[in-house]
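Colleague: Could you give me a close look at a single part of this model, namely one helix packing and what surrounds it? I would like the pairings between side chains spelled out as you go.

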Amino acid sequence: MSDVTFNSGTVAAQRWWHRRAVRRFLRHRMALFGLAIIVILILACVLGPYLLPFDDLFIDLRARFSPPFTGYHIFGTDPLGRDLAARLFMAGRISLLVGFAAMVISTVFGSLIGIVAGYYGGKIGVVLMRFVDAMLSFPSIFLLLALAAFIKPSPIMITVIIAATSWMEIARIVEAEIKSLRDRDFILAARTLGLPNSQIMFRELLPNAIGPIIVAATLTVARAILLEAYVSFLGYGIQPPLPSWGNMLNGAQQYLASAPWLAIVPGVAITLAVTGFNFVGDGLRDALDARSDIT
C-alpha cells in the first residue's frame with residue numbers, strides 16, 4: 001500500500017510540474033511568437049506547393065525575372081522563369097527535413113555518449129569526454145566543409161555530416177546533467193534494488209535529464225538549418241535542380257542588383273526559421289527551469 005501511495009504521489013508531482021512548465025511556456029511571448037513562425041513555415045512548405053498553379057520545375061521563359069506580385073507569381077520568378085514561391089516551399093521541405101533529421105541523429109548519439117560518460121565516470125567517462133573535446137577543438141564549419149568536399153552531396157549525406165558535427169554540445173550537456181543526478185537518493189535506491197545499469201540509465205536518469213535535452217535539441221534544429229544553408233550556399237550541399245534555401249541564395253548572388261528578391265526571399269525564410277527555433281528553445285529553457293519566473 002505504501003509503494004502504491006508513493007508511486008501515486010510521484011506521478012501526481014510529475015503531472016503538477018508538467019502543468020507548471022506548460023503555463024510558464026505559454027507566458028513566454030517570444031517563445032509563442034517563435035512557435036507561430038515555425039508552424040506557419042511548416043504549413044506553408046507542406047501545403048504551399050499544392051496551392052500554387054506552378055510547380056518548382058515549371059519553366060516559363062517569357063516570365064523570367066518577374067518581380068514579386070506579378071500575376072500568380074507572389075514572390076516573383078528566377079532567371080529561368082520558375083516560380084520562386086514554389087521553389088521556396090519545396091526548398092523549405094528539404095531544409096526543414098535536414099534540420100529535423102540532423103537534430104534527431106545528433107541528439108540520440110550525443111545523449112548516448114553523455115549518459116554513458118556521466119553514469120560510469122572514471123576512465124570510461126574521461127576517454128569519452130576527451131573524444132568530445134577533441135571533436136570540439138575542430139571548428140565545426142571547417143570540419144563540415146572538409147567532410148562535404150569528399151562525399152557526394154545529397155540530402156541524406158548532408159544530414160549525416162551536419163549531425164556528425166553537432167552532437168558534441170549535447171553530449172557535454174547530458175554528461176553534466178547525469179553526473180549531477182547519479183548520486184541522488186532515487187538512483188541509490190535503484191542500485192540497492194539490483195536494477196541493471198542500462199535500466200538505471202535509460203529509465204531512471206534519462207527521464208530526469210530530458211529537459212536540457214529538449215532545449216538542446218530545439219536549438220540544434222536552428223543550427224542544422226543554418227549549416228545546411230551555409231554549405232549549400234558554398235556549393236558543397238544540396239545540388240540543383242533540387243532546391244534548398246542555401247543553393248537558392250547561391251544562385252541569386254549574381255543578381256543582387258538586378259533582381260534582389262531572388263536573395264531576399266530565401267534569406268528571410270532562413271532568418272525566420274532560425275529565429276523561430278531559437279525563440280522556442282529559449283522559452284523551453286525557461287519553462288523547464290523551475291527556478292525561472294517569467295513575467
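Modeller: Gladly! Before we start, two residues are in contact here when heavy atoms of theirs lie within 4.5 Å. Please also keep in mind that this is a predicted model.

A little setting first. The chain has 12 helices and 0 strands, and its C-alpha atoms fill a box of roughly 80 × 40 × 30 Å along the principal axes. Of its 295 residues, 43% count as buried. Among contacts with a separation of 6 or more, 70% join residues 24 or more positions apart.

The part I would pick is the packing of helix α4, residues 122-136, on helix α7, residues 168-181. Their axes are 9 Å apart and meet at an angle of about 145 degrees, and the crossing is left-handed. On the α4 side, the contact is made by Met-129, Val-132, Asp-133, Met-135 and Leu-136. Helix α7 brings Met-168, Glu-169, Ala-171, Arg-172 and Glu-175 to it. By character, these residues divide into 6 nonpolar and 4 charged, with no polar ones.

The charged residues deserve a slower look. Side chains of opposite charge can pair when their charged atoms come close. Arg-172 and Asp-133 do pair in a salt bridge, their closest N and O atoms being 2.5 Å apart. Since Arg-172 belongs to α7 and Asp-133 to α4, this pair ties together parts that are 39 residues apart in sequence. Both partners are partly exposed: Arg-172 has a relative accessibility of 39%, and Asp-133 has one of 25%. Buried would require a value under 20%, so Asp-133, at 25%, does not count as buried.

Asp-133 has another partner as well. Its side chain meets that of Arg-130 in a salt bridge of 2.7 Å, N to O. Here both residues sit in α4, 3 residues apart, or about one turn of the helix. Arg-130 is partly exposed too, with a relative accessible area of 45%. Asp-133 therefore has a salt bridge to Arg-130 alongside the one to Arg-172 that links α4 with α7.

Further along α7, Glu-175, one of the residues in the contact with α4, has its own salt bridge. Its side chain meets Lys-179 at 3.7 Å, N to O. Because these two are 4 residues apart in α7, about one helical turn separates them. The partners differ in burial: at 13% relative accessibility Glu-175 counts as buried, whereas Lys-179 is partly exposed at 41%.

Now step back along the sequence to the loop between α6 (155-164) and α7, where Ser-166 has its place. Ser-166 is buried, because its relative accessible area of 4% is under 20%. Its side chain makes a polar contact of 2.7 Å with that of Arg-223. Leaving aside neighbours within four places in sequence, Ser-166 is in contact with Ser-106, Thr-220, Arg-223 and Leu-227.

For completeness, the structure holds 8 salt bridges. Away from the part you asked about, Asp-78, Arg-82 and Arg-87 are linked in a network of them. If you keep one pair in view while turning the model, I would suggest Arg-172 and Asp-133, joined across α7 and α4.

How values were computed: Residues numbered from 1 in each chain as written. Heavy atoms only, no water. Axes fitted to C-alpha atoms, helices over the stretch in contact; angles between N-to-C directions. Left-handed = near helix turned anticlockwise from the far one by under 90°. Nonpolar A, V, L, I, M, F, W, Y, C, P; charged D, E, K, R; others polar. Salt bridge = Lys/Arg side-chain N within 4 Å of Asp/Glu carboxyl O. Buried < 20%, exposed > 50% of the residue type's maximum accessible area, 1.4 Å probe, protein only. Polar contact = N/O pair within 3.5 Å; in protein donor to acceptor, adjacent residues only side chain to side chain.
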